[in-house]
Amino acid sequence: MRDARLEIRIGGTGGQGLILSAKMLADALCAAGQRVAQSQTYEPTSRGGYCNSDLVVSDREVDFPLTTALDCLVLLDRMAVKPSWLLLKRGALVIADTRLCPELPGGDYRVHHLPLTRSAIELGSERVANIVALGALAALSAVCERKALEQAVRADTPKSFLDLNMDALAAGYGLAARATGDAPRAALPSCDRG
Amino acid sequence: MNAVDKALLPRLALRLISGNHACALAAVAAGCRFFAGYPITPSSEIAERLSRLLPEVDGVFVQMEDEIASIAAVIGASMGGVKALTATSGPGFSLKQENIGYAAGAEIPCVIVNVMRGGPSTGMPTRPAQGDIMQSRWGSHGDYPIIVLAPASVREIYSETLRAFDLAETCRTPVVLLYDQVIAQLTETVELVAAEGIRAERKWASGAREAYQPYASDGGAIPAMSRPGAGYRVHTTGLNHAENGFPTQDPETVARNLGRLLGKFEHHRDAIDSWQAIGCEDAEVVIVAIGISARAATRAIELARAGGLRLGLFRPITLWPFPEDALRAAAKHARAVLVPEMNAGQLSLEVERILGSKRVHAIHRYNGEPITPAEIAARAAAVLKEKAT
Amino acid sequence: MSSTFVDSAADFDVRDYLRMDMMPHFLCPGCGHGIALRALLWAMHELGIAKDQLAVVSGIGCAGRLSAYIDANTFHVTHGRPLAYATGLALARPDLHVVVITGDGDCLAIGGNHLIHACRRNLKLTCLMLNNEIYGMTGGQVSPTTSETMLTSTTPLGNSEPSFDACALAAAAGAGFVGREVTRHVPRLKELIKAGLAHPGFAFVEVLSDCTEIFGRKNDLGSSPEMMLRQKSDIRPSAYRDSVDTPFRANELPTGILAQTNRPEYGAAYRRAAAAQRASAAAQAGSANAKEDS
């Protein structure tokens, strides 16, 4: 069976902007002609409760729009580990924040511990950690073109935050480059896009 | 291009939208010019969107003091001749029931969105459920007809919202749009066509006042309504009424008029009934599901067929009145029927009723976790194995 | 309120405004509601409101049944909800005169939430609350306006709850027009309803109406004329204009126009804001087009 699905989760806590970053990624993928379904799980506590935002990407209509086997997982809080870890596919890409998610269970995954929130703080606001994470995710997964993502981030950012968000996105790409020794990224093996 | 299309065009170009957003856009495109609501998760996005959209098209948005007032105001606006919508979720849907019964009995067109979340009572506000299937049909007291549409994707929320307004007007009835939290807050790529919009307008009374009967029985035709101010000066009541709209307790008159009301959809089933059948012709197991469970089933079919197990899906898009004949036809050759649903057993009861002697298996889930494609495929395989031994 | 009344009784024939084929009506002998209905129709007549432009929304109970007798666009809705239905109708159809007829139980008990918010919202509506201190149709149960110590079918020991002063409640909730009258003074009642109908925002008019058969009989209040003679119409203009000390009924209820302010009417304010938004959007689109063209 030809499985054209690519599943991505950005997990953390409410208020970290997970849904916004997933939406930006979805916009970029959509602009590139991909079919996307973006969903979220959240708790009634608007701030601080467990939250994740998921993307299912395909080159045809997405049948089941929820994630069942993750190709990529971004962890911006340790709270997101438990509900997500069992969903990981073998060899999946895992990006975890060094500060907020320092420990991970073992497994056969491509794990990158990156200082996402620290980079955001250095840029001036921890609130852009979601955008740093987005940049790192896009770079390490090669899920979409950098240009398309930059355009989506620009479109979804209020003017006063534009510079900060674009810097954050670039910082994410930078972290990914350092983590992989600037090696060019190949598309994920599970993502069949003909 | 009309003014509505023009107003919507920039948004129609957007291809990634959420279910609730699609509902709001479709309502405006269908000619809805009045919304009354009360904040409730996970339907509030519809109200928020319409609070911006409606003033743009000279419509009215009002946040009322409670759920009951919201449906009442919607029926009031519709009695004034304006297409009207309210949106809510479980607890609010419970509160609206008495007035939904009024709209059904007095035959006032309106559309009610119920986004299903966990229950009973306050339940799980941010988690999906499909526990209002029976309530959407039987929630108000007494005997009454109602149409319930159950879209399963963002694209379908758009098209079914359009159809809901059409059916409300052509059948003079409240129409419920019933979908779960997943579909409501799911953002999907969709292609919307600007030309899709108003397809049905209300049938207004014409001719002499003396000859006009607001509840006339004319074969299977739905009686025309009269617009306040047009000279007909009719009476509308929640009491059992005669053809002229005035209350009566005369057994013969009540039986005749209530009988017409209860049977009034039968002449319009071609327009009302809607379903999707995938792979049912050769399926060993036919799955019957709506909403997110149907989306899971769609994928389960593929997973199972790849492994040699032939599954099919029957998905009622019009949930009530249930497309019974279509289900019987779809399940005719199946060895088993499986109903995955996010409740303790509702759709499966109706499927059992319709299919009579056929054993109906079910996955009943009420913990807020959607049923997965793998679970459905595995259960279908187990059901067949059970049958074989 | 003006002290001289225009007596148009000579050219007012109530039958012109009634659905005469609905007669005889279902009210008990001695009931005050018929007087209130007549006063409403008389006020309408004097204001020149066309029957086609009148929409009457009524709730459940004796008062709720009155709409069926009026030759207008009439809507007899669910218990307690006529104000909510009327809100939708009036917002959708600002060209109509929307009048709500409700009773004390309909308006203050099951519909109490809608009343306070209708007062706050200030949408152009006239709410005529016929207060007979009792749930008459269901057999005489205690209502939110039943006077203390009174006997009803559910207060066999005498009512021990304080009763609402509905006008004080409406005034405190912000109603732009609040008035009360008794059925004994028909021309005064007509004038008060007229002022309410003419008010540009939400108008709350309470009519003290006797329930002879159910309430009067239970409490030995005498015949209908005797009950009516006991009614007091004590004109205290603007009694609630400045402040409301208590929402509970005192022994003597003031009558007349009790509060009147000219707050912005909700429907017009909403439509103005919407029109302004459309205009500014159109202007923006226009300037964007101009840029593209150049």
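These are my notes on how chain C meets chain B in this predicted model, with a look at some salt bridges.

**Entry 1: the C–B contact**

I started with the size of the contact and got 36 residues from chain C and 40 residues from chain B. The area buried between the two chains is about 3300 Å², and carbon and sulfur atoms give 56% of that area. I then asked which three residues supply the most of what chain C buries against chain B. They are C:Tyr85, C:Arg93 and C:Tyr270, which together supply 18%.

**Entry 2: polar pairs and who supplies them**

I looked up polar contacts next and found 22 residue pairs between chain C and chain B, both residues at pLDDT 80 or more. On the chain C side, strand 2 (73-76), helix 2 (82-92), helix 4 (112-121) and helix 9 (266-293) each supply at least two of the residues that touch chain B. Helix 2 of chain C has the largest share, with seven residues. Sorted by type, that side of chain C has 14 nonpolar, 13 polar and nine charged residues.

**Entry 3: strands across the interface**

I checked for strand pairing too. Strand 9 (residues 235-237) of chain B runs parallel to strand 2 of chain C, and three bridges join them. Within this pairing, B:Thr236 stands opposite C:Phe75.

**Entry 4: salt bridges between B and C**

How many salt bridges cross the interface of chain C and chain B? I get five. The one I followed up is C:Asp71 with B:Arg233, at 2.9 Å from N to O. C:Asp71 sits in the loop between strand 1 (54-58) and strand 2 of chain C, and B:Arg233 in the loop between strand 8 and strand 9 of chain B.

Are these two buried or exposed? C:Asp71 has a relative accessible area of 7%, so I noted it as buried. B:Arg233 is buried as well, at 13%. Both belong to one network of salt bridges with shared partners, along with B:Arg209, C:Lys51 and C:Asp52.

**Entry 5: two more salt bridges**

Over all chains I count 50 salt bridges. One of them is B:Glu191 with A:Arg35, at 2.9 Å from N to O. B:Glu191 lies in the loop between strand 8 (187-189) and strand 9 of chain B, while A:Arg35 is in strand 2 (residues 35-41) of chain A, so this pair joins two chains. B:Glu191 is partly exposed at 45%, whereas A:Arg35 counts as buried at 18%.

Back in chain C, I found C:Asp95 in a salt bridge with C:Arg93, their closest N and O atoms 2.9 Å apart. C:Arg93 is buried at 3%, and C:Asp95 is partly exposed at 41%.

Key:
Residues numbered from 1 in each chain as written. Chains lettered and ligands numbered in written order. Predicted model: local features only at pLDDT ≥ 70, side-chain atom pairs only at ≥ 80, totals over all residues. Heavy atoms only, no water. Contact = heavy atoms within 4.5 Å. Buried area = accessible area lost by both parts, 1.4 Å probe. Salt bridge = Lys/Arg side-chain N within 4 Å of Asp/Glu carboxyl O. Polar contact = N/O pair within 3.5 Å; in protein donor to acceptor, adjacent residues only side chain to side chain. Helix = DSSP H or I, 4+ residues; strand = E, 2+ residues; numbered from the N terminus. Nonpolar A, V, L, I, M, F, W, Y, C, P; charged D, E, K, R; others polar. Pairing = 2+ DSSP bridges. Buried < 20%, exposed > 50% of the residue type's maximum accessible area, 1.4 Å probe, protein only.
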